[in-house]
Amino acid sequence: LPVVLRYEFAGPEFLIPSGMFRILPQLASLDRALAAREERRYPIDLGFPGQRLTDYTIGLDGEYKVFFLPQPVEEDSPWMKVSSVYEQRSGTIVFKQSVETKTSSIPQTDYPAFKRFFESACSKMKQRVILEKVKK
């Protein structure tokens, strides 16, 4: 049975100002600590194989419009599959991320290949939405 958590958030300083633009905080997230070491003495424990889905819908109030929307990311490996996608829909930005673990552990012999995969996925997901102030 899946667990669903719903939150609603409003805040005056959510966007990072940059002239006429506003930058959203990074929405995609992978825990870089998972592949932070140069080498491993023990396997990485991923827990039970499964899938974690994240879904955000951000409403735009008409004061800003989308200037830049990150491209979709999809990375697959024998251990894990990650994806993220941003869409613009009638006054909202919709973000979806999926992290699917395919195995319960990663042996230390596979760690160098996993580290390359994971660092690449983290770098590709490190994009942010940029909004532009609507000229009145």
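This is a chat between a trainee and a mentor about the predicted model shown above.

Trainee: Okay, what elements does the protein have, and how many of each?

Mentor: There are one helix and 10 strands. Reading from the N terminus, the order is β-β-β-β-β-β-β-β-β-α-β. Keep in mind that this is a predicted model.

Trainee: What size of box do the C-alpha atoms fill?

Mentor: Roughly 60 × 35 × 25 Å, taken along the principal axes.

Trainee: And how much of the protein is buried?

Mentor: Buried residues make up 31% of the 136 residues. As for the outside, the accessible surface comes to about 9,500 Å², and carbon and sulfur atoms account for 53% of that.

Trainee: What about charges, how far apart are the mean positions of the positive and negative ones?

Mentor: They are 3 Å apart, with 20 positive and 17 negative charges in the protein.

Trainee: Let's go inside. Which residues of the largest nonpolar core touch the most other members?

Mentor: Leu30, Met80, Val82, Phe114, Phe118 and Leu131, out of 28 residues in that core. The elements giving two or more residues to the core are β5 (64–68), β7 (80–89), β8 (92–101) and α1 (111–124).

Trainee: Which of them gives the largest share?

Mentor: That's α1, with six residues.

Trainee: You listed Phe118. What does Phe118 touch?

Mentor: If you skip residues up to four places away in sequence, Phe118 touches Leu30, Asp31, Arg32, Leu34, Ala35 and Met80. Two of the names there, Leu30 and Met80, also showed up among the core residues that touch the most other members.

Trainee: Now β8. Why is β8 described as largely enclosed?

Mentor: Eight of the 10 residues of β8 are buried, so the rest of the structure largely encloses this strand.

Trainee: Which strands is β8 joined to, then?

Mentor: One is β4 (residues 50–59), joined to β8 by 10 bridges and running antiparallel to it. Another is β7, again with 10 bridges to β8 and an antiparallel run.

Trainee: Give me some pairs I can click on. What is the bridge partner of Leu53 in β8?

Mentor: Leu53 has Ser98 as its bridge partner. For another pair to look up, Met80 stands opposite Thr101 in β8.

Trainee: Can we zoom in on a single residue of β8? Is Val99 buried or exposed?

Mentor: Val99, which sits in strand β8, has 8% relative accessibility, so it counts as buried; the cut-off for buried is under 20%.

Trainee: And what is Val99 in contact with?

Mentor: Leaving aside neighbours within four places in sequence, Val99 contacts Leu30, Gly50, Gln51, Arg52, Met80, Lys81 and Val82. Take Val82 from that list: Val99 and Val82 are 17 residues apart in sequence, and their C-alpha atoms are 4.6 Å apart in space.

Trainee: What about the other end of that strand, say Thr92? Which residues is Thr92 in contact with?

Mentor: Thr92 lies in β8 too. Setting aside neighbours within four places in sequence, its contacts are Thr57, Ile58, Gly59 and Glu87. There is also a C-alpha distance to Lys65 you can check: 9.6 Å, for two residues 27 apart along the chain.

Trainee: Where is Ser90, and what is its phi?

Mentor: Ser90 lies in the loop between β7 and β8. In that hairpin, which has two residues between the strands, Ser90 takes a positive phi near 25°. That is a positive value in a residue other than glycine.

Trainee: Is Ser90 buried or exposed?

Mentor: Ser90 has 78% relative accessibility, so it counts as exposed.

Trainee: New topic: where does Pro107 lie?

Mentor: Pro107 is in the loop between β9 (105–106) and α1. At 31% relative accessibility it counts as partly exposed. From Pro107 to Phe118, 11 residues along the chain, the C-alpha atoms are separated by 15 Å.

Trainee: Last one. Where is the place of Lys135?

Mentor: Lys135 is in the segment after β10 (130–133), and with 65% relative accessibility it counts as exposed. Lys135 and Met125 are 10 residues apart in sequence, and C-alpha to C-alpha they are 30 Å apart in space.

Trainee: And across the whole protein, what share of contacts join residues at least 24 apart?

Mentor: Among contacts between residues at least 6 apart in sequence, 77% join residues at least 24 apart.

Note on methods. Residues numbered from 1 in each chain as written. Predicted model: local features only at pLDDT ≥ 70, side-chain atom pairs only at ≥ 80, totals over all residues. Heavy atoms only, no water. Core = buried A, V, L, I, M, F, W, Y, C linked by side-chain atoms within 4.5 Å. Buried < 20%, exposed > 50% of the residue type's maximum accessible area, 1.4 Å probe, protein only. Helix = DSSP H or I, 4+ residues; strand = E, 2+ residues; numbered from the N terminus. Contact = heavy atoms within 4.5 Å. Areas by Shrake-Rupley, 256 points an atom, 1.4 Å probe, with all protein chains shown as cover. Lys, Arg positive; Asp, Glu negative; His and termini not counted. Charge placed at Lys NZ, Arg CZ, Asp CG, Glu CD. Pairing = 2+ DSSP bridges.
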